[in-house]
Amino acid sequence: MMSAPLQDLVREWLRLDPNVSTRKDVEHLWNTNAVGELERRMRTRIEFGTAGLRGKMEAGWSRMNDLIVIQASQGLCAYVLDHVENAAIRGVVIGHDHRHNSERWAQLTAAAFIANNVKVYLHNGLVHTPMVPFSVKVLNAACGVMITASHNPKQDNGYKVYWENAVQIIGPHDVGIAQSIMQHLEPRVHDASQVIDSGLCIDCTEEMKKAYFHSLSNLRAKTLSFGGSSVAFVNTSMHGVGDLFTSKAFEIVGFLPYTPVKEQQHPDPEFPTVKFPNPEEKGALELAIATANEKGAPYVLAQDPDADRFSAAENCDGKWVTFTGDQLGTLFAYYVFEAYKASNKPIGKLAMVASTVSSKMVEAMAQIEGFRFVDCLTGFKFIGNTALDLVQAGYEVPFGYEEAIGYMFGSEIRDKDGVAATMVFAQLAASLRARGTTVSAHLQELYRRYGYFETSNSYFVCTDPLVIENIFGKIRSSGDMGSSQGRSYPSSIGGLQIRSVVDLTEGHGYDSTNAPTYQPKLPLSLGHMIQFRASSDSDDSRIVLTIRTSGTEPKIKYYLEGSGSNRQAVHSLLGSVVDDLAEDWMNAAENGLGRP
């Protein structure tokens, strides 16, 4: 596409696009000679990867629209039929959120599979994302598709794919599906008018919801005592689909209903009160906190719009503190560990999983308490598959998480679930209240037990790929760390000595701790990704720093965590490391890097 004349790209679009509105849009752009806009929309094709598809809803090869969804579905269907046994009989699960076009795209996806005589379990109405992998597992389906853009801005939508193991796809399937899409570009379906009446389209939505809520009941605390009416909660669903599921979860636990944030309670694809409907975004919880102040509730609970992520805040003596993703991960890990220990199962058979950029506090907990901890690459596609591998090896894996407020509980869904996380957090808060304490106080107790951990995660903005390459090239050639293996990584940062380096970048794979091969234990990444561990020669202060490129944004992200017995020393240390990272490693000013 890069070398094709623009006119050819436009003509091909107009030939294939079945949607009158988007076809007219492209015709108008062509007739008004809007070359720049057409280049942006037509020159490159939206890339299908392990996250499926996600982008702006507009006409064009680089956008999300009817034609792209039909082509993706045709390619996915062909690939699944070739690679999954009895796929046509086992069928595909399809769900959608409340965003503009979501329902139609779910039906167009269904139409593409039905055209190939594949059974379709099409969820009727709005569902949260975890319902799709849950249904894939329960129904033993061949794959699943969820139409959602999660917490992206309102103009975006997406197409998320789950494999037959009910986990998001990983390689080589992403490449295989992308190639299959390119072999099935001619639309065989043009609308979804016949989908609902097809004998291959099955509605088992209510049955799946009932089964899902039954699975949530397994997360109800059996050994921890609490009073359901003792704690007041405010909950926001961020204009998404979560309220129906979260309110039912509260009912299952036996809690009184929470107070919803009325302005954000019901699905609204315009997201009128938030620019970015992500609980992590600054200011996103303002309405929820205002509601909590009005009601005198000590806790705010939040799910993102498709309800697979979770966040929480606590009123600490008049000051609201939002827990970080890592803090919640630690709290949940200890909660799950306590419950597992109380069941008298062997601790040696307990395992937990977290992404490699998440906090190492759960790792410290595992070392002290005797359970297995495994880290993996970023994303629940890796967390879920790692959990399944551990189960195959004889472990029980009741919890996994990533710092981007994603939490996995139990064995029924190997993906993040914001409703399950809400339910567990509420039980934790109530049980702590029954013991006369709070979640934040409990977190401080965990710091005393396992050491103090503090994170400082952020990013640098860089729109020039060549500058990014030069930055990482410099990092790999600016010191003597790994010199005996022909490597030249930095040997110090922030006054600490670097003790280990793990480079997970394709073409640069290296792990200084894994002699004699020095090959990384984790899979390599297409983007740059390097992790450094450093510590002090004079005290127990240490840091873990991971720097990586973003697959979707012009950013160099960094994930920094410090730990040690002296809280103030750790806090100061993080600032020193960030300064060195910006000034010496990134040359931020010289390279014109942006900072948030």
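1. The residues of helix α7 that count as buried, meaning under 20% relative accessible area with a 1.4 Å probe and protein chains only, are Met131, Val132, Pro133, Phe134, Ser135, Val136 and Leu139. The helix spans residues 131–139 and is mostly covered, with seven of its nine residues buried. Helices here are DSSP runs of H or I with at least four residues, and strands are E runs of at least two, both numbered from the N terminus.

2. A note on the basis of these statements: this is a predicted model, in which local features need pLDDT of at least 70 and side-chain atom pairs count only at pLDDT 80 or more, while totals for chains, interfaces and linings use all residues. Residues are numbered from 1 along each chain as its sequence is written, and side-chain values use heavy atoms, with hydrogens and water left out.

3. As for the surroundings of α7, its buried residues pack against the strands β2 (92–96), β3 (120–122), β4 (143–147) and β5 (156–162), and also against the helices α9 (205–217) and α10 (242–253); contact is taken as heavy atoms within 4.5 Å. The residue that follows α7 is Asn140, and its phi is positive, near 55°.

4. Turning to charged pairs, a search of the whole structure finds 27 salt bridges, each defined as a side-chain nitrogen of Lys or Arg within 4 Å of a carboxyl oxygen of Asp or Glu. One of them joins the side chains of Arg15 and Glu12, with an N to O distance of 3.1 Å. These two residues are separated by about one helical turn, because they lie three residues apart in helix α1 (residues 6–16). Arg15, at 48% relative accessibility, is partly exposed, a class that lies between buried and exposed, the latter being over 50%; Glu12 is also partly exposed, with a relative accessible area of 32%.

5. A salt bridge with buried partners is formed by Arg99 and Asp97, whose closest N and O atoms are 3.7 Å apart. Arg99 counts as buried at 3% relative accessibility, and Asp97 counts as buried at 1%.

6. Elsewhere, salt bridges that share partners join Asp25, Glu37, Arg40, Arg41, Lys56, Glu58 and Arg63 into one network. Within the structure, Glu58 forms a salt bridge with Lys56, and the closest N and O atoms of this pair are 3.8 Å apart. Glu58 is buried at 17% relative accessibility, whereas Lys56 is partly exposed, with a relative accessible area of 37%.
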